[in-house]
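Welcome! Below are a few short exercises for getting to know a protein, each followed by a worked solution. Have a look at the structure first, then try each task before reading on.

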Amino acid sequence: MLNIKKNYVFNNFFNSKMKFISLIIIYFINIVLITSCAKKDLIKDNSNKPFVLTTFTILADLATNVAGERLLVRSITKPGSEIHGYQFTPSDIVRSKGAELIIENGLGLESWISQFLNSAGDIPKVKLTEGIKVLAIEGDVYAGKPNPHAWMSPKRAMHYVDKLVEAFIMIDPEGELEYKSNASAYKSKLEILDEELRNSLSLIPKDRRVLVTCEGAFSYLAHDYGMEEAYLWPVNAESQVTPKRMINLIEKIKENDVPTIFCESTVSSKAQKEVAKVTGANFGGIFYVDSLSGRDGPAPTLIDLHKHNLRLISEGLSVNSIKD
Ligand SMILES: [Zn+2]
């Protein structure tokens, strides 16, 4: 009887000990499996995918939409950066190491790109505006030079998408079908945006369709969507505001009785607010043009950027908006 009890106690102890040991073994097997999977994912993310760099956040958004999961896409400049005269840093150069492609806008937008490439080494480059129908800057000292902001018209952003597909197939031919299918899905979204812009802007009375901004970055949008454009300076550069430019803009606003004027996120709005004060126009807020906002901001993607700008334009120029 005592033996049976002993055996029972021993068996019980043995069973619970075995259970405990098995649990520990299962636990360690799980840990090993989870870490090896995570490691695999990490390796896949960091090593297997070709890595491409864009000069600014808007191109990174377009590139990510075309690349899907096949490529790692990074932007040299961060959200909110001024991109025309950007001064790259040694850490930008370090972060470009291993890039298979540099994606730029071209048309003189990135004045720093040649110097960047001199420092970064021999990285192939693709210019997304190559072959696009260009609008020239009118008047001022930049007269005749191409306006670089072609991505601001959704119709023309489709050209950027096609160029990205070509470039990605060059560096990753096996991804052709995926790139083409991603591009066509994204172009459908641009088509919807194009229609939304056309419909909403057509609701603004014709004599109010004057878009007054800081930089002349809306030429393509204005041209393709039936608006007139006026600005404080043609291209973001040094010596932006001059008395002559300011006086010209004030006259234009008064002549057209423009109810609301705007400025952009990457430049100071101080001079434009001064113009608003002098003319009695409302200051209608900050557009996103040369850079996306951060993820929590109003313009984390190009499509969000247009929706944000469109909301400000519609509110500022509608029949209900009256001068102060
Ligand atoms: Zn610009």
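Let's begin with the whole chain. Of the 324 residues of the protein, 37% count as buried. Please keep in mind that this is a predicted model.

**Exercise 1. Find out how many helices and strands the protein has.**

Solution. Going through the secondary structure gives 10 helices and eight strands. A next step is to look at contacts between residues at least 6 apart in sequence: 61% of these join residues at least 24 apart.

**Exercise 2. Describe helix 6 and work out which of its residues are buried.**

Solution. Start with the span. Helix 6 has 27 residues and runs 38 Å from its first C-alpha to its last, close to the expected 39 Å. Next, pick out the buried positions: they are Tyr179, Asn182, Ala183, Tyr186, Leu190 and Leu197. Finally, look at what lies over them. The cover includes helix 2 (57–67), helix 5 (154–171) and helix 10.

**Exercise 3. Decide how helix 6 (residues 176–202) is oriented relative to helix 10 (residues 302–317).**

Solution. First take the geometry: the two helices pack at an angle of about 5°, and their axes are 11 Å apart. Angles under 35 degrees count as roughly parallel, so helix 6 is roughly parallel to helix 10. Now see who takes part. Helix 6 contributes Lys189, Leu193, Leu197 and Ser200, while helix 10 brings Ile303, His306, Leu310 and Ser314. Sorted by class, the residues of this contact are four nonpolar, three polar and one charged.

**Exercise 4. Do the same for helix 8 (residues 243–256) and helix 9 (residues 270–279).**

Solution. The axes of helix 8 and helix 9 come within 10 Å and cross at roughly 45°. The two helices are therefore oblique to each other. As for handedness, helix 8 passes helix 9 in a right-handed crossing. On the helix 8 side, the contact is made by Met246, Leu249, Ile250, Ile253 and Lys254. On the helix 9 side, Ala271, Val275, Val278 and Thr279 take part. The classes in this contact are seven nonpolar, one polar and one charged.

**Exercise 5. Leu107 and Asp257 each have a positive phi; locate Leu107 and Asp257, and judge their exposure.**

Solution. Take Leu107 first. Its phi is near 60°, a positive value in a residue other than glycine. Leu107 sits in the loop between strand 3 (101–104) and helix 4 (113–120). With 19 other C-beta atoms within 10 Å, Leu107 is partly exposed. Now turn to Asp257, where phi is near 50°. Asp257 belongs to the loop between helix 8 and strand 7 (260–264). Here 13 other C-beta atoms lie within 10 Å, and Asp257 is partly exposed.

**Exercise 6. Is Ala217 buried or exposed, and which residues is Ala217 in contact with?**

Solution. Begin with the place: Ala217 is in the loop between strand 5 (210–215) and helix 7 (219–224). Then count: 26 other C-beta atoms lie within 10 Å, so Ala217 is buried. Leaving aside neighbours within four places in sequence, Ala217 is in contact with His149, Met152, Glu264, Val289 and Asp290. As a last step, check Pro234, which is 17 residues from Ala217 along the chain; their C-alpha atoms are separated by 7.5 Å.

Conventions
Residues numbered from 1 in each chain as written. Predicted model: local features only at pLDDT ≥ 70, side-chain atom pairs only at ≥ 80, totals over all residues. Axes fitted to C-alpha atoms, helices over the stretch in contact; angles between N-to-C directions. Helix = DSSP H or I, 4+ residues; strand = E, 2+ residues; numbered from the N terminus. Parallel < 35°, antiparallel > 145°, perpendicular 65-115°, else oblique. Left-handed = near helix turned anticlockwise from the far one by under 90°. Contact = placed C-beta atoms within 7 Å. Nonpolar A, V, L, I, M, F, W, Y, C, P; charged D, E, K, R; others polar. Buried ≥ 20, exposed ≤ 12 C-beta atoms within 10 Å, placed from the backbone. Expected span 1.5 Å × (residues − 1).
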